[in-house]
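Please walk through this protein step by step, with the sequence and the model side by side. Start with one backbone detail, then widen the view.

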Amino acid sequence: MKIESLDIKEVGAITELRQGIVKINGLPNCEYGDVIEFDNGLKGMIIEFNAKYASGIVFGDERSVKVGDTVSSRGELLNVAVGPGFIGRVVGALAEPIDGKGKIEPTEFYSVFREAAGVMEREPISENLRTGIKIIDMLIPIGKGQRELIVGDRQIGKSSIGMDAIINQKGKNVICVYCWIGGSSAAFNKIMQALNQLGCMDYVFAVCASAGSSTSEQYICPYTAAALGEYFMYNGRDVLIIFDDLTKHSWVYRQMSLLLERAPGREAYPGDIFFLHSQLMERAGRLKKEFGGGSMTFLPLAETLQGDITGYICSNLVSMTDGQIYLNSGLFQEGFKPAIDLELSVSRIGSKVQCPAIRKLSEGLHYEYVHYRSLLRLTRLRTKLSPEATQQLQRGRALYELFIQENNAPVSQAEEIVIFYAFRQKILESVSIGQVRLFKDNFFAYFYKNYLDLADELNNNGELNEEIQKLLDKAITDFFRGQYK
């Protein structure tokens, strides 16, 4: 006698439907996060319940769901496929491929709302994650496992910082994830095209829920990206995730909460808006070797309105991250790019993750730059300055010029060391700004041609001993004497 396997599930019916939010009657044993399935094959998730009914969200086109349809639940939490096959691919909010390159074979399945690693599973952050952006690596260093917020107005370079950080991981054994939430498909395609042209897709994959996706997919997208990153972290790899951006994510959650008739609070956000992002940010960190030994670094993006960093969502994110990189629209308009305002930017990890040479060369740079900006404001009021102030202004102008950097052009550790060694030796303040630009743009072709071993030494060890200093002095002097042709 053949015994067929039993399929046990609870079945309910949709009693109300509001823009992707469904009220369901008949699921008495449901829990938050349970997967539900509709008549047409679409999936959803329980997001709220009480004694009378359960509320769920629909993943996909909610227009194909109608009142009266049956809904089933097997009591399973929402899981997504994970594995190395995702590298080089573009997937949707539920880790399904959307790039037309075929199916991805999963290695495991991870919970979308996986609990963050405990304190005893983590170890202190001590290794630098270089972005290739001089002003960040020198003055706002980021460690592997850190959460560093990138915040500023629209269209002033937030995404470009994330892009440069990804480009700079080429050849460094770091898996990068670009999580796109609520933005236009055209902008996302442009980013993917740039990464592909720069040869980054062999260590990068993207999770995308654009503005055309359903509200529920935009809501779940960053948690899926974190779950995919955790697979690599728990298998001993270093991971970098860019969340672009969490302001749109909070707007989506506010919309869902208002449709669920939750009590609105400040700016109509629900009372649990802090938990929305804190449960995500806690998943970053660096694991001990016995728990996998990998790390996961988060660079979340958030949008300000007219430079107001005290906005509700921004101030929440500042309080739950390990520092912030604040972009100033005024600096952007005057041509200082990346438009990072050092007076409001900070990394709470500090210089302990920097290599010895950069740690030594970066001492006092923050003060010098901030002092230069204040001195610059003073010159608008006074025409006559003391010789000391004039010298400080000239030194500050050289530093200002050195920090300017084009998009998609990260620099190596050796280049950062050489540039700021020349500045520390007071070589660049004694020449014109035109010569500073000449040095910044043309020196490294000469340097790599004639001092390749020295460049490799600086990239690998980051030390600055007397012998290296003598070689650097000679290389810089020869360059300015015109020996480079």
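Which residue just after α14 takes a positive phi? Gly-462 does, with a phi of about 65°. Keep in mind that this is a predicted model.

Now take the helix itself. Helix α14 spans residues 452-461, and its buried residues are Leu-454, Ala-455 and Leu-458. Why do these residues line one face of the helix? Seen down the axis of α14, the buried residues fall within an arc of 100°, so they share one face. The general geometry is familiar: an α-helix has 3.6 residues a turn, so residues three or four places apart point the same way. The face turned away from the buried side of α14 carries Asp-453 and Asn-460, both exposed.

What does the buried side of α14 meet? Its buried residues pack against α12, α13 (433-450) and α15 (466-480). Phe-447 shows part of this packing in detail. Neighbours within four places in sequence aside, Phe-447 is in contact with Leu-454, Ala-455 and Leu-458. Its contacts also include Val-418, Leu-452, Leu-472 and Ala-475.

Phe-447 leads on to the largest nonpolar core. This core has 85 residues, and those touching the most other members are Leu-195, Phe-443 and Phe-447. Helix α12, residues 413-424, gives the most to this core, with eight residues. Apart from it lies another core, of 65 residues. Ile-175, Val-177, Leu-260 and Leu-317 are among the members of that other core. In soluble globular proteins, nonpolar side chains tend to be buried together.

Step back to the whole protein. It has 15 helices and 17 strands. Of its 485 residues, 54% count as buried. The C-alpha atoms fill a box of roughly 90 × 55 × 40 Å along the principal axes. Consider contacts between residues at least 6 apart in sequence: 73% of them join residues at least 24 apart.

Next, the pockets. The largest pocket has a volume of about 820 Å³. It is lined by 33 residues, and the closest to its centre are Gln-155, Gly-157, Lys-158, Ser-159 and Ser-160. Four elements give two or more residues to this lining: α2 (158-167), β11 (174-181), α3 (185-197) and β15 (295-303). Which element gives the most? That is α2, with six residues. By type, the lining of the largest pocket divides into 13 nonpolar, nine polar and eleven charged residues.

The second largest pocket holds about 500 Å³ of space. Its lining has 24 residues, and Val-35, Lys-43, Leu-78, Asn-79 and Leu-94 are the closest to its centre. Here strands supply the lining: β3 (34-38), β6 (70-77) and β7 (79-82) each give at least two residues. β6 gives the most, with five residues. The lining of the second largest pocket divides into 14 nonpolar, four polar and six charged residues.

Return to the backbone for its unusual spots. Which peptide bond that leads into a proline is cis? The bond from Lys-337 to Pro-338 is, with omega near 0°. Pro-338 is found in the loop between α8 (329-333) and β17 (346-347). Another cis bond joins Asp-244 to Asp-245, with omega near -10°. Asp-245 is found in the loop between β13 (238-244) and α5 (246-259).

Positive phi is not confined to Gly-462. Asn-173 is not a glycine, yet its phi is positive at about 60°. Its place is the loop between α2 and β11, two elements that also help line the largest pocket. Is Asn-173 buried or exposed? Its relative accessibility is 51%, so Asn-173 counts as exposed, the cut-off being over 50%.

Glu-261 is a further case. This residue is other than glycine, and its phi is positive, near 65°. Glu-261 is found in the loop between α5 and α6 (273-281). The loop on the other side of α5, from β13, holds Asp-245.

Terms used: Residues are numbered from 1 along each chain as its sequence is written. This is a predicted model: local features need pLDDT of at least 70, side-chain atom pairs count only at pLDDT 80 or more; totals for chains, interfaces and linings use all residues. Side-chain values use heavy atoms; hydrogens and water are left out. On a 1 Å grid over the protein atoms alone, a cavity is a set of points where a 1.4 Å probe fits but cannot get out, and a pocket is an open set with protein on both sides within 12 Å along at least five of seven lines; lining residues have an atom within 4 Å of a point. Grid points are joined across faces, edges and corners, and a volume is the space filled by probe spheres set on the points. Ala, Val, Leu, Ile, Met, Phe, Trp, Tyr, Cys and Pro count as nonpolar, Asp, Glu, Lys and Arg as charged, and the others, Gly among them, as polar. A nonpolar core is a set of buried Ala, Val, Leu, Ile, Met, Phe, Trp, Tyr and Cys residues joined through side-chain atoms within 4.5 Å. Buried means under 20% relative accessible area, exposed over 50%, partly exposed in between (1.4 Å probe, protein chains only). Contact means heavy atoms within 4.5 Å. The arc is that of the directions from the helix axis to the C-beta atoms.
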